[in-house]
Amino acid sequence: MAAHVEAIAKRPTVKRQAWKDLGAHYKKVRELHLRQLFADDPRRGERLTVEALGLHFDYSKNRVTDETVKLLIRLAEESRLRERIDAMFRGDKINVTEKRAVLHVALRAPRDESIFVDGENVVPKVHAVLDRMTEFSDRLRSGEWKGHTGKRIRNVINVGIGGSDLGPVMAYEALKFYSDRAMTFRFVSNVDGTDFAEAVQGLDPSETLFIISSKTFTTLETMTNAQTARAWSLAGLQGDEKSVAKHFVAVSTNTAEVAKFGIDTANMFEFWDWVGGRYSMSSAIGLSTMVAIGPDNFRAMLSGLHQMDEHFRTAPFAQNLPVLMGLLAVWYNDFFGAQTVAVLPYEQYLKRFPAYLQQLTMESNGKHVTLDGKRVSHQTSPIYWGEPGTNGQHSFYQLIHQGTRLIPCDFIAFSKPLNSLGRHHDILIANVCAQAEALAFGKTPEQVAAEGTPKWLVPHRVFEGNRPSNTIFAERLTPEALGKLVALYEHSTFTQGAVWNIDSFDQWGVELGKVLAQRIIPELESKTEPTLTHDSSTNKLIRYYRKSKETV
């Protein structure tokens, strides 16, 4: 472990003075109501707002005072957040358990920047891959790239899982407005055969290209789906093995396995071990995104990501959007005991954004030990979840408004619609503002009674309020704006991890189940009764499945 990382690791979070001071401060402010905070400060809604990079961030409806914000910023400073940020951008190996740099920021750096890993400037390599992606995308979109039978490619299917799927799916759905509607884009990730079967439904193999996204080209789910795709494609192309090179490309680093599969390695797009899967949508993993929206729009998204990277790297903490968001998440998670965060985009194109954030946040910060391997003495990552508004208002908002759990919310909205249809957008934005207002201020028993509500019914119609939220406005959902939003949450996640003194960039928690599955697969497929040495429950389940699948 590098000396600076080791020094940071030896500073337990709960022993930091700011953490102790926040604990004492919490006892003083925990009963304060947002009604009172706004009544005492008529300008609160103007003061607790940050404008940066075309984003309007209103955090005034949080259960914080000026003193709270000062203490949270002091906590960030005592957690050496600035040092951690600088270390990441320098290319230091801050992923300590895997001894890797963490440089998704290099994927969107301009050509003239220099970012070093082990003494090598990696930016030229990044742009070499981007240029190859651009050339390939242009050929595919223009129809110059032809399938094996000479037909134009009209269908693109991305095959991946985890970060190799969630990022591309989210970005495609988010930027669908900008996509080439003459082409069909589908995504396969689940090893459940239904996922693949539905993805190819109605498609012509002679017009279909698969992008196989797997760094190692050995991931079980991805390669199972890839082999099924290969068989499906060959079945529709008279079994000609030469056709694979015209209907498959790879995003990988394993040249030998890619070639063995039948893919021309000239059509293999590289990324690097300093790119974590959940941070990889701006790497070659985003190839399907670039094909869908075009290279110019893809580079606009990279620009948005880079702008937020620079804001995070340079802005004072009090005006730093990711830092403020991350610190507020720590405040609710560790002092109020909130267990979840609801992300509520009032933009239908962002319907997959909450699902994308689930991997980003929970795979990053779902950790139980600190950087030096000691058990944490506080809660780490909350659970992130959400749905687009206004759909969610007619399902789970009841719980947020009147349930017994405190659920901080992030509202995301845009001033201008991509599809302008009569009053729709005004009604949509009215709901954003109304929901945040209702959560904050609620409705008192006196107000309910004054409406003529029968006494017995009053308790049922009371809204306690004091439910915190952030509201994020941008002008319009553009590729650049999406890039800013993604990087905003990336760096908010980083901020939280720095405060909790954990490694936000490994993911050992996904490994054990995968290892055990590899042991169980042959036991399920064995023609003879296997000797089982699992626990009694697992043994029984395996026997039940084997017996059931043999039943006619």
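Helices and strands are here DSSP runs, of at least four residues for helices and at least two for strands, numbered from the N terminus. On this basis the protein chain of the predicted model has 23 helices and 13 strands. The C-alpha atoms fill a box of roughly 75 × 60 × 60 Å along the principal axes. For 552 residues a compact globule would have a radius of gyration near 24 Å, and the 25 Å of the protein chain agrees with this expectation. Buried residues account for 55% of the 552 residues, and, among contacts between residues at least 6 apart in sequence, 73% join residues at least 24 apart.

An open sheet of six strands, with mixed pairing, follows the order β1-β2-β13-β12-β10-β11. The edges are taken by β1 (49-52) and β11 (383-385), and because each has a single partner strand, one side of each is left without a neighbour in the sheet. Neighbouring strands are turned by 15 degrees against each other on average, when direction is ignored. At one edge, β1 pairs with β2 in the antiparallel sense over four bridges, and E51 has H56 in β2 as its bridge partner. These two strands form a hairpin with two residues between them, and L53 in the turn has a positive phi of about 55 degrees. Elsewhere in the sheet, strand β12 (residues 409-414) and strand β13 (residues 469-474) run parallel and are joined by six bridges, with S469 in β13 as the bridge partner of C409.

Helix α15 packs on this sheet, where it touches β1, β2 (55-58), β11, β12 and β13, and its direction makes about 25 degrees with that of β2. Helix α21 (residues 479-500) lies across β2, β10 (340-345), β11, β12 and β13, and runs at about 160 degrees to β12. A further contact of α15 (residues 321-336) is with helix α5 (residues 66-78), the two axes coming within 10 Å and crossing at roughly 105 degrees. Since angles of 65 to 115 degrees count as roughly perpendicular, α5 is therefore roughly perpendicular to α15. In this contact T68, L72, I73, L75 and A76 of α5 meet L327, L328, V330 and W331 of α15, and the residues divide into eight nonpolar, one polar and no charged.

Several individual residues complete the description. T289 lies in helix α13 (residues 287-293) and, at 2% relative accessibility, counts as buried, the cut-off for this class being under 20%. Leaving aside neighbours within four places in sequence, T289 is in contact with P168, A171, G294 and F298.

Backbone geometry is also notable at certain loop positions, given that most residues other than glycine have a negative phi and most peptide bonds are trans. F217, in the loop between β7 (208-213) and α10 (220-235), has a positive phi near 60 degrees and is buried, with a relative accessible area of 3%. Q238, which is placed in the loop between α10 and α11 (244-247), likewise has a positive phi, of about 55 degrees, although it is not a glycine; Q238 is, however, exposed, with a relative accessible area of 70%. A cis peptide bond, with omega of about 10 degrees, joins G389 and T390, and T390 is found in the loop between β11 and α17 (397-402).

Definitions and conventions
Residues numbered from 1 in each chain as written. Predicted model: local features only at pLDDT ≥ 70, side-chain atom pairs only at ≥ 80, totals over all residues. Heavy atoms only, no water. Axes fitted to C-alpha atoms, helices over the stretch in contact; angles between N-to-C directions. Parallel < 35°, antiparallel > 145°, perpendicular 65-115°, else oblique. Contact = heavy atoms within 4.5 Å. Nonpolar A, V, L, I, M, F, W, Y, C, P; charged D, E, K, R; others polar. Pairing = 2+ DSSP bridges. Rg over C-alpha atoms; globule rule 2.2 N^0.38 Å. Buried < 20%, exposed > 50% of the residue type's maximum accessible area, 1.4 Å probe, protein only.
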